[in-house]
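Open the model in your viewer and keep the selection panel at hand. This tour goes from pockets to helix pairs.

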Amino acid sequence: MATSEIDNQSFPFGTVLTAMVTPFTEAGEVDYDVAAKLAIKLVDEGCDGLVVTGTTGETSTLTDDENIEMFHTVVNAVGDRAAVLAGSTTNDTRHSIRLSLRAKEAGVHGILITAPYYNKPSQAGVIAHVKAIVEAVDLPVMMYDIPGRTGIALSPETIIELAQIPQVIALKDAKADYQSTTTVLANTDLHVYSGDDGLTLPLMAAGAAGVVSVTAHVAAAKYRTLVDAMHAGDLATARATHFELDPIQRGIMGHIQGAVAAKYGLHWQGVLPNTVVRLPLLAPSDAELDAIRADLREGGWDL
């Protein structure tokens, strides 16, 4: 088992988190047994946090009951070996509160609050949305800034204001705006996590805590090495690992939707029995699979 040298009392959500896929059976039903095995595998390989039914977990095509059962499943599988964050928020504040309260009952350690998508509220609306959820649920929160999916970016000023809420302790930054992230790091005590796998090293150089990764499904131990090296000030090791991860990151994140590619990677590793996703996601084309295989072979895979 890979073990972090970092004192995780300083990082309640951990430092290497995987945004878990949701496994399905061939018939398209959630496969909770495989989900439990996957969670254990990820923790054994170095993850000290798991995000369950976030974007990569295909949350938008899961029912509320499926979401809750996934939270139960992963919490029961890993216990206190890793922090479990629930992807329990939507663009509907009332629905987010209901689902997050059920997630709390399931024993999760925190919730991931995504900026409301599609309805595109103002920054003041985002702040009100977060405050309403926090006041109702009272669990530690990781904010999620991913404008490529939500249609709105959180301004540094909004994040700094939200950081004044005691329960808001972390930010998953998938905005790829280094100046904005620098402003947040300079003006808050938030634990910032790279939400872009390939930006883990530069964001940690500015003070980020670690990464919430999709590629970690198939390379958790390498992320553990990179993150621990950065915290230890061992830039040479971190840089070397960053370069080793590059073709794997390109393979998993550079060609098709990450949830689909991660399931193929896990299937090729013998972890998942199939690669089933739910519509509107689809299986890759042959050309896309060839491109993924080429990158993974460059990263040392025998395919």
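**Stop 1: the largest pocket**

Start with the largest pocket, whose volume is about 540 Å³. Bear in mind that the model is predicted. Select Gly54, Thr55, Thr59, Ser60 and Tyr117: of the 26 lining residues, these lie closest to the pocket centre.

Now colour by secondary structure. Which elements each supply at least two residues of this lining? They include helix 2 (64–78) and helix 3 (93–106). Strand 4 (110–114) and helix 5 (147–150) do so as well.

Next, colour the lining of the largest pocket by residue class. You should find 14 polar residues, eight nonpolar and four charged.

**Stop 2: the second largest pocket**

Move to the second largest pocket, at about 330 Å³. Its lining has 23 residues; select Tyr144, Ile146, Gly195, Val214 and Met253 for those closest to the centre.

Show helix 10 and helix 11 (258–268) next. Each gives at least two residues to the lining of the second largest pocket. By class, that lining holds eleven nonpolar residues, eight polar and four charged.

**Stop 3: helix 10 against helix 12**

Stay with helix 10, and select residues 235–253. Add helix 12, residues 286–298. How far apart are their axes? The separation is 7 Å, and the packing angle is about 165°. An angle over 145 degrees counts as roughly antiparallel, so helix 10 and helix 12 are roughly antiparallel to each other. Their crossing is left-handed.

To see the contact, show side chains on both helices. Helix 10 brings Pro247, Ile248, Arg250 and Gly251. Helix 12 brings Ile292, Asp295, Leu296 and Glu298. In this contact, four residues are nonpolar, three are charged and one is polar.

**Stop 4: helix 1 against helix 9**

For the last pair, select helix 1 (residues 32–44) and helix 9 (residues 216–232). Their axes are 8 Å apart and make an angle of about 20°. Are the two helices roughly parallel or antiparallel? Angles under 35 degrees count as roughly parallel, so helix 1 is roughly parallel to helix 9. The crossing of helix 1 and helix 9 is right-handed.

Zoom in on the contact. From helix 1, pick Leu38, Lys41 and Leu42. They meet Ala216, His217, Val218 and Ala220 of helix 9. By class, the contact has five nonpolar residues, one polar and one charged.

How values were computed:
Residues are numbered from 1 along each chain as its sequence is written. This is a predicted model: local features need pLDDT of at least 70, side-chain atom pairs count only at pLDDT 80 or more; totals for chains, interfaces and linings use all residues. Side-chain values use heavy atoms; hydrogens and water are left out. Axes are lines fitted to C-alpha atoms, for helices over the stretch in contact, and angles run from 0 to 180 degrees between N-to-C directions. Helices (H or I, at least four residues) and strands (E, at least two) are DSSP runs, numbered from the N terminus. Angles under 35 degrees count as roughly parallel, over 145 as roughly antiparallel, 65 to 115 as roughly perpendicular and the rest as oblique. A crossing is left-handed if the near helix is turned anticlockwise from the far one by less than a right angle, and right-handed if clockwise. Contact means heavy atoms within 4.5 Å. Ala, Val, Leu, Ile, Met, Phe, Trp, Tyr, Cys and Pro count as nonpolar, Asp, Glu, Lys and Arg as charged, and the others, Gly among them, as polar. On a 1 Å grid over the protein atoms alone, a cavity is a set of points where a 1.4 Å probe fits but cannot get out, and a pocket is an open set with protein on both sides within 12 Å along at least five of seven lines; lining residues have an atom within 4 Å of a point. Grid points are joined across faces, edges and corners, and a volume is the space filled by probe spheres set on the points.
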